[in-house]
Amino acid sequence: MEEHSRTTQGSQILFAFLHGFVLLCMSMSIPLESATLPPRASGGTFGNETDRAALLDLKKRITQDPLHVMNSWNDSIHFCSWVGVTCNNSTKRVLILMLNSKNLVGFLPPSIGNLSHLTGINLVNNSFSGEIPQEMGRLQSLRSLNLSYNSFGGKIPTNISHCTLLSMLDLQHNEITGSIPDQLSSLMSLNHLWLTINNLTGTIPNWIGNFSSLKSLFLGQNNFQGSIPNELGRLTGLEWLGLDSNNLSGMVPSSIYNISSMYVFSVFDNQLHGELPPNIGIHLPNLQEFYGGANKFTGTIPTSLSNSSRLRMLDLRQNGLIGTLPAATLGRLQRLVRISFSYNRLESGKTGNLNFLSFLANCTSLRLLALNNNHFEGELPRSIGNLSTQLKYLFFREKFDTWKHP
């Protein structure tokens with residue numbers, strides 16, 4: 001589970017910082033040249049006083065600033081030249097507030113809603129706490145809101161529903177409680193919805209299936225219950241789906257296995273059951289990472305996985321899978337880095353030996369192979385020496401006991 005978390009969180013952190021870079025570059029509907037910084041102020045005129053007052057109010061709420069970021073927020077220079085502030089050159093209205101990774105401690109004041117021209121906020125990787133102000137809903141030009149990796153608490157503000165241009169909502173890795181408010185169903189422009197690692201409860205809303213532009217949905221490591229909505233199968237452009245480490249039950253809707261654009265699929269550590277579709281690899285040809293471990297899946301391992309030629313991570317440990325390991329199928333997946341089928345009910349088959357392992361020699365990038373705690377029989381063949389030179393972890397213990405890593 002730890003390795004799974006490192007893998008998925010590593011992908012998410014990379015995406016979050018890429019998002020920060022995009023914020024720097026994106027012009028939204030404003031020409032790039034108009035987003036350049038204005039010259040230093042030569043007198044007492046500071047452009048729009050509403051924006052300036054809102055920024056100074058935010059400064060007052062910063063209780064710790066070890067990097068002295070706020071030192072530049074003073075009257076000696078125009079507020080559009082303050083660290084982390086980007087303005088429109090002609091209107092001198094604040095467009096982007098980017099204070100990510102500044103080690104800031106503090107709160108967001110309601111006056112943040114007075115920065116009415118904001119298109120992007122990035123406060124990722126600080127120590128902001130308290131509730132996210134309802135006044136965020138006044139930022140109706142907002143396209144991107146990233147408050148991830150902080151300590152925000154309370155509930156998701158319902159008024160964010162007024163920010164109908166939002167394409168990115170990233171609140172992951174905070175201490176947010178409550179359910180996902182139904183008011184957010186109005187955010188039809190969302191491309192990315194990230195709420196991973198909070199204390200959210202309730203069920204996954206079926207109206208998320210109406211977000212036709214959604215590319216990534218991360219709701220993992222919360223306390224969601226109930227089943228996975230069938231409506232998520234309507235997200236035909238979805239590429240990343242993370243529902244891991246919740247209390248979800250029932251079966252994965254068959255329509256989700258048909259989202260051909262999917263390349264990361266994670267339902268790890270839930271209470272899901274049912275069989276994997278025999279044609280899963282045909283319908284998910286772009287799949288790169290598949291995390292289905294720590295559930296109650298049964299049936300056999302689909303041989304159609306060989307059609308998912310980009311597959312790198314395959315984790316189906318701690319389930320009730322039966323039959324033989326389709327090693328010949330897996331051997332065609334030459335990009336595989338991790339294979340984990342620990343704690344299932346797999347068998348050696350009619351041969352009663354482990355010679356099938358020779359097929360895995362074709363997986364030249366393989367670093368982890370975990371087949372322990374199944375019903376395999378026989379001695380390890382000499383061909384095991386042909387496995388990838390990259391192999392660092394090999395687990396093959398046969399005794400059943402309490403499940404543990406890997």
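This passage walks through the predicted model, from its overall make-up to its N-terminal helix, its six-stranded sheet, two buried polar residues and its nonpolar cores.

In the predicted model, the secondary structure comes to four helices and 26 strands. Of the 406 residues of the protein, 53% count as buried. Contacts across the chain are often long in sequence terms: among those between residues at least 6 apart, 62% join residues at least 24 apart.

Toward the start of the chain, an unreviewed UniProt entry places the annotation "domain: Leucine-rich repeat-containing N-terminal plant-type" on residues 49–88. In the model this span is 30% helix and 15% strand, and its end C-alpha atoms lie 15 Å apart. Helix α2 takes up residues 49–60. The twelve residues of α2 reach 16 Å from the first C-alpha to the last, close to the 16 Å expected at 1.5 Å a residue. At the N-terminal end of α2, Asn48 acts as a cap, with a side-chain oxygen 3.0 Å from the backbone nitrogen of Thr50.

Which residues of α2 are buried? They are Asp51, Arg52, Ala54, Leu55, Asp57 and Leu58. An α-helix has 3.6 residues a turn, so residues three or four places apart point the same way. The buried residues of α2 pack against three strands, namely β1 (62–64), β2 (85–87) and β3 (94–98).

Further along the chain, six strands form an open sheet with parallel pairing, in the order β14-β16-β18-β20-β22-β24. Its edges are β14 (225–226) and β24 (345–347), each of which pairs on one side only. Starting from the β14 edge, two bridges join this strand in parallel to β16 (residues 247–251), and Gln225 has Asn247 of β16 as its bridge partner. Three bridges then link β16 and β18, again in the parallel sense, with Ser249 partnered by Gln271 of β18. Toward the other edge, β20 (residues 296–299) runs parallel to β22 (residues 320–324) and is joined to it by two bridges; here the bridge partner of Thr298 is Gly320 in β22. Finally, β22 and β24 pair over three bridges in the parallel sense, and Ile322 is matched with Arg345 of β24.

Two polar residues deserve a closer look. Asn270 sits in the loop between β17 (264–266) and β18 (271–275). Is Asn270 buried or exposed? Asn270 counts as buried because its relative accessibility is 2%, below the 20% cut-off. A polar atom of the Asn270 side chain lies 3.0 Å from the backbone nitrogen of Leu248. Leaving aside neighbours within four places in sequence, Asn270 is in contact with Leu243, Asp244, Ser245, Asn246, Asn247, Leu248, Ala294 and Asn295. Two of these names return from the sheet: Asn247 is the bridge partner of Gln225, and Leu248 falls within β16 (residues 247–251).

The second residue, Asp315, belongs to strand β21 (residues 313–315). Asp315 counts as buried because its relative accessibility is 0%. Not counting residues up to four places away in sequence, Asp315 touches Phe268, Phe290, Tyr291, Gly292, Gly293, Arg338 and Ser340. The C-alpha atom of Asp315 is also separated by 9.3 Å from that of Ala370, a residue 55 positions away along the chain.

The nonpolar interior comes next. In soluble globular proteins, nonpolar side chains tend to be buried together. The largest nonpolar core of this model has 99 residues, and those with the most contacts inside it are Met136, Leu147, Ile208, Phe265 and Phe341. The elements giving two or more residues to this core are α2, β2, β3 and α4 (327–331), with α2 giving the most, at three residues. A second, separate core has five residues, including Phe268, Tyr291, Ala294 and Met313. Phe268 and Tyr291 of this second core are among the residues touched by Asp315, while Ala294 is one of the contacts of Asn270.

Within the largest core, Leu147 offers a view of one well-connected residue. With neighbours within four places in sequence set aside, the contacts of Leu147 are Leu108, Ile121, Leu123, Ile132, Met136, Phe152, Asp170, Leu171 and Asn174. Met136, in this list, is likewise one of the residues with the most contacts inside the largest core.

Note on methods. Residues numbered from 1 in each chain as written. Predicted model: local features only at pLDDT ≥ 70, side-chain atom pairs only at ≥ 80, totals over all residues. Heavy atoms only, no water. Pairing = 2+ DSSP bridges. UniProt positions renumbered as here; feature names shortened; annotations may be inferred. Expected span 1.5 Å × (residues − 1). Buried < 20%, exposed > 50% of the residue type's maximum accessible area, 1.4 Å probe, protein only. Contact = heavy atoms within 4.5 Å. Polar contact = N/O pair within 3.5 Å; in protein donor to acceptor, adjacent residues only side chain to side chain. Core = buried A, V, L, I, M, F, W, Y, C linked by side-chain atoms within 4.5 Å.
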